[in-house]
Amino acid sequence: MKQFTSVHDVTNIDALVAEALSLKQNPYADQQLGKNKMMGLVFLNPSLRTRMSTQKAALNLGMNAMVLNIDKEGWALELQDGAIMNGTTVEHIREAAAVLGQYVDVIGVRSFPGLKNRGEDYSETIFNKFVEFCGVPVVSLESATRHPLQSLADLITITELKTVERPKVVLTWAPHIKPLPQAVPNSFAEWMCRADVDFVITHPKGYELSTQFTEGATITHNQSEALKNADFVYVKNWSAYEPYGEMPGLGTYDDWMLTNKSMQNTNNAKVMHCLPVRRNLELSDEILDGSHSAIIHEAGNRVWAAQAVLKQILQGL
Ligand code: SN0
């Protein structure tokens, strides 16, 4: 594997999931593979799981890892080509990315969308500049439009916990108080449309995701209809794709938050969420603390997702 920025970089999804599950059983089998190899983790936005799980995955493979919170600890980055840098930005992304590539063998980058300019976000301007200038394989730690390490961990979790051959997986929108990226639902949809599952997306009118990620999914505005016989319910808030970054009907969809009652017509479904979750806004305490939740298990699987991906990248170096 030369890079991991979306499901399109994966040649065999089933094999990657199987690899992750095998690494979970035997985490230190490949310590020689990463010997004297350096993983760089560069964050333009906050992180808990991605940072810790990817670092742990690198160490399990025998790599070293360095973390840079470039938004807080780096020089103020200039992103525009041709800029006359006589203002507050100090270092151009062209130099920053190229220099980081001198120090590491694989680089992970997190860069959230601005949610102001859809064209800019959906062309992955910042992320692609890293890919262009760093000169080493790039792993997405969540870009403007996707979070593939999360989606892989989600597919691993579904594979482990499913009780029927072809489970029904429902992605449901949840309430929030501020506009969040579409990256997690885009990516989850993109992976689920390629997995052996019945995939349903439910959200209020106005929260349609870009169709490039949802082809093959059933889409409904009726949450309780969607939840019928569900085996997995994946909860996530996202802002609108059109009008971009807005929250149509803010405050009127509070009943979209799942409670134990919402789960009654499911097939005793497992509830998933990528975290961080705002309690009693996106998800109720009773779900988070109850038997439906697979959320901590899911977060644990972030290590094996990252390790399977890094292993394939190391094998291609
Ligand atoms: C991010 C998102 O893409 O939705 C990261 C998820 C892994 N989530 C947030 O930014 C949450 C922020 C908040 O205020 O709740």
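Me: Which pocket does the ligand take up in this predicted model?
Reply: The space taken by the ligand is the largest pocket. The model is predicted.

Me: What makes a residue count as part of the ligand's surroundings, and which residues are they?
Reply: A residue counts if one of its heavy atoms lies within 4 Å of the molecule. Around the ligand these are Phe-112, Glu-142, His-176, Lys-178, Leu-180, Pro-181, Lys-236, Cys-274, Leu-275 and Arg-278.

Me: How does that shell divide into nonpolar, polar and charged residues?
Reply: Five are nonpolar, one is polar and four are charged. Cys and Pro count as nonpolar and Lys and Arg as charged, so Cys-274 and Pro-181 go with the nonpolar group, and Lys-178 and Arg-278 with the charged one.

Me: What makes the approach of Glu-142 to the ligand a polar contact?
Reply: An oxygen atom of the ligand is 2.7 Å from an N or O atom in the Glu-142 side chain. The limit for such a pair is 3.5 Å, so this is a polar contact.

Me: Which values do His-176 and Lys-236 give?
Reply: For the side chain of His-176, an N or O atom is 3.0 Å from a ligand oxygen. For the side chain of Lys-236, the value is 2.8 Å. Both pairs are within 3.5 Å, so both are polar contacts.

Me: How much of the ligand's accessible area does the protein cover?
Reply: On its own the ligand has 410 Å² of accessible area, and the protein covers 86% of that.

Me: Why is the pair of Tyr-122 and Tyr-241 called edge-to-face?
Reply: The ring centres are 5.1 Å apart, within the 6.5 Å limit, so the rings pair. Their planes stand at 75°, and over 60 degrees counts as edge-to-face, so the name applies. The structure holds nine aromatic pairs.

Me: What makes this pair a link between distant parts of the chain?
Reply: The two residues are 119 residues apart. Tyr-122 is in helix 5 (residues 118-122), and Tyr-241 is in the loop between strand 10 (232-236) and strand 11 (270-272).

Me: Where are the cis peptide bonds that involve Pro-243 and Pro-276, and what are their omega values?
Reply: Glu-242 and Pro-243 are joined by a cis bond with omega about -5°, and Pro-243 is in the loop between strand 10 and strand 11. Leu-275 and Pro-276 are joined by another, with omega about 5°. Pro-276 is in the loop between strand 11 and helix 11 (285-288).

Me: Why is the phi of Leu-115 worth stating?
Reply: Most residues other than glycine have a negative phi. Leu-115 is not a glycine, yet its phi is positive, about 60°. Leu-115 lies in the loop between strand 5 (106-110) and helix 5.

Notes. Residues numbered from 1 in each chain as written. Predicted model: local features only at pLDDT ≥ 70, side-chain atom pairs only at ≥ 80, totals over all residues. Heavy atoms only, no water. Polar contact = N/O pair within 3.5 Å; in protein donor to acceptor, adjacent residues only side chain to side chain. Areas by Shrake-Rupley, 256 points an atom, 1.4 Å probe, with all protein chains shown as cover. 1 Å grid on protein atoms, 1.4 Å probe; cavity = no way out; pocket = protein on both sides within 12 Å on 5 of 7 lines; lining within 4 Å. Sits in = over half its atoms within 2 Å of the grid points. Phe/Tyr/Trp six-rings, centres within 6.5 Å; stacked < 30°, edge-to-face > 60°. Helix = DSSP H or I, 4+ residues; strand = E, 2+ residues; numbered from the N terminus.
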